[in-house]
Each structure stands twice: as structure tokens, then as C-alpha cells.
Amino acid sequence: MKQSAHGRPGPGRFPCFTLIELLVVIAIIAILAAMLLPALSKARHQAIEINCVNNLRQQGLMIQLYADSNKEEYPLWLSALVPDYFPGANALQCRADGNVGKTPETWIMHPMGNYSEAYDRPGNTYSTNGTEGYERVEEISYFYEFTGSPCSWKGAPLTWHQIKNRDRRAVNYQQWQSYFPLMRCFWHMLANNKPVLNVSIQGNVFRSNLEWETGVW
């Protein structure tokens, strides 16, 4: 490069970077990006979780309003609350929902793939879908503990609704009222089967292990 007498670039000219200098700059940018990406990913995860917590609170409130108008009985299916209590599907969707296609054949709500009879989805012969006029039932992300289907969990000829109503009134569960799940979201589990987000029958949101009786916080 042509320089002035003082060793500086002449008029109208700009200094050039060497290849090594460019590589150093690129390396610094890469290091900064690597440092920021985990923080951005964590912030995104927290934002999704906050949205889910708000959904669960709203759902718990709406279910309680339903119960107040129906002799303290919970609805048999979440889809039965639309559109009277939920004007749209957004409140029933978690942004972490990993379902692809949302078809009965690929439906995944419980992480162990269990209790398909309890899923509020198209194709479930026990569901109210089709009788309540809710066409977007396949977009429900949450596991409702008080469904009206037979319960394979207990292996008894009782419905989830009957078993859960019995348990919540049992003496040994009275101390767990604020930790007795009404609805659960399994889409935030990272490791060791936790955390699961729950809204209790008292309306508070809490975190738990997959089996909530083994650990809540």
C-alpha cells in the first residue's frame, strides 16, 4: 500500500487487514456466539415455561368455574369446556408440545406412552369430541387427570374421573390438596423424569417428578 511520508496510508486509501487478522476477528466472534447461545436457549426455554404456567393457571381457574356451576363436579373432558370456558385453542396448547402431525396414530402426551385412553384427542371413542362441536381437540397439549375414560392405570373397571374424585376426598390425600394434580404438562422434562408442570385442584401451579407423589416443589 502506498503510504505518506509519516508511514500512514495516503489520501483516499484505507488500511488492509491481513488474513491472520481476519481469522482472529472471526475466531473472537465465534467465541462470543458460543458464549451467548446457551444463555439465549435458556431464556427461550424459560419464556416457553412461563407461558405454560400461565396456561395451567387459566385452565385450573376455568375448570373450577365449571365445577362451581355443576355441583362441584369436574368436566369429563377438556374439550367439553370449549367454547364456553375456553374461547380458543391457545390456552390448551403448550409451546413445547412435541407432537408432529397431531394424528391419533402419532399422538404422544404421556412421556412413557401410557394411558392412551385418557388422551383428549380425535379417535378416542370415550372423548366428547364430535358432540361438543370442538374441532381442534387434537391441539390439546395437557394431560387431564379427571377424564371420563376407563382407567388402565389402576386396572379397575372405574374411570379416571371416579378414581381421582375418590382419591381427592380420601383422608390420606387431604394434606396433598395443594399438590394433587388436576392437569399436567410433560413437555418440559429435561432429565430424571422432571420437572413436570402441574396445576392442582386448588389452582396453584407446582413442579414435580413424573410420579408427583415422589417429589413436588
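Here are some notes on the main pocket, one buried serine and a group of aromatic rings.

1. Before anything else, keep in mind that this is a predicted model.

2. Start with the largest pocket, which holds about 330 Å³ of space. Its lining is made up of 18 residues, and those closest to the centre are His110, Tyr115, Arg184, Leu210 and Glu211. Sorted by class, the lining comes out as 8 nonpolar, 5 polar and 5 charged residues.

3. Arg184 takes us from the pocket to Ser208: the two side chains are joined by a polar contact of 3.1 Å. The Ser208 side chain also has a polar contact of 3.0 Å with the side chain of Asn198. So if you're looking at Arg184 by the pocket centre, have a look at Ser208 too.

4. Where does Ser208 sit? You'll find Ser208 in strand S4, which covers residues 205–208. Is Ser208 buried or exposed? With a relative accessibility of 0%, Ser208 counts as buried, because the cut-off for that is under 20%.

5. Setting aside neighbours within four places in sequence, Ser208 touches quite a list of residues: Arg184, Asn193, Lys194, Pro195, Val196, Asn198, Gly215, Val216 and Trp217. Arg184 and Asn198 on that list are the partners already met in the side-chain polar contacts, at 3.1 Å for Arg184 and 3.0 Å for Asn198.

6. Now the aromatics: a search of the whole structure turns up 8 aromatic pairs. In one of them, Tyr74 and Phe146 meet edge-to-face, with 4.8 Å from centre to centre and 75° between the planes. This pair links distant parts of the chain, 72 residues apart: Tyr74 is in the loop between helix H1 (19–68) and strand S1 (143–144), while Phe146 is in the loop between S1 and helix H2 (160–169). Both Tyr74 and Phe146 are buried.

7. Phe146 also pairs with Phe180, this time in a tilted arrangement, at 6.4 Å centre to centre and 45° between the planes. Why does this pair tie together separate parts of the chain? Phe146 belongs to the loop between S1 and H2 and Phe180 to the loop between H2 and strand S2 (181–185), so the parts being tied together are 34 residues apart in sequence. On accessibility, Phe146 is at 0% and counts as buried; Phe180, at 1%, counts as buried as well.

8. To put those rings in context, Tyr74, Phe146 and Phe180 belong to one aromatic cluster that also includes Tyr144 and Trp212.

Conventions. Residues numbered from 1 in each chain as written. Predicted model: local features only at pLDDT ≥ 70, side-chain atom pairs only at ≥ 80, totals over all residues. Heavy atoms only, no water. 1 Å grid on protein atoms, 1.4 Å probe; cavity = no way out; pocket = protein on both sides within 12 Å on 5 of 7 lines; lining within 4 Å. Points joined across faces, edges and corners; volume = space filled by probe spheres on them. Nonpolar A, V, L, I, M, F, W, Y, C, P; charged D, E, K, R; others polar. Helix = DSSP H or I, 4+ residues; strand = E, 2+ residues; numbered from the N terminus. Buried < 20%, exposed > 50% of the residue type's maximum accessible area, 1.4 Å probe, protein only. Polar contact = N/O pair within 3.5 Å; in protein donor to acceptor, adjacent residues only side chain to side chain. Contact = heavy atoms within 4.5 Å. Phe/Tyr/Trp six-rings, centres within 6.5 Å; stacked < 30°, edge-to-face > 60°.
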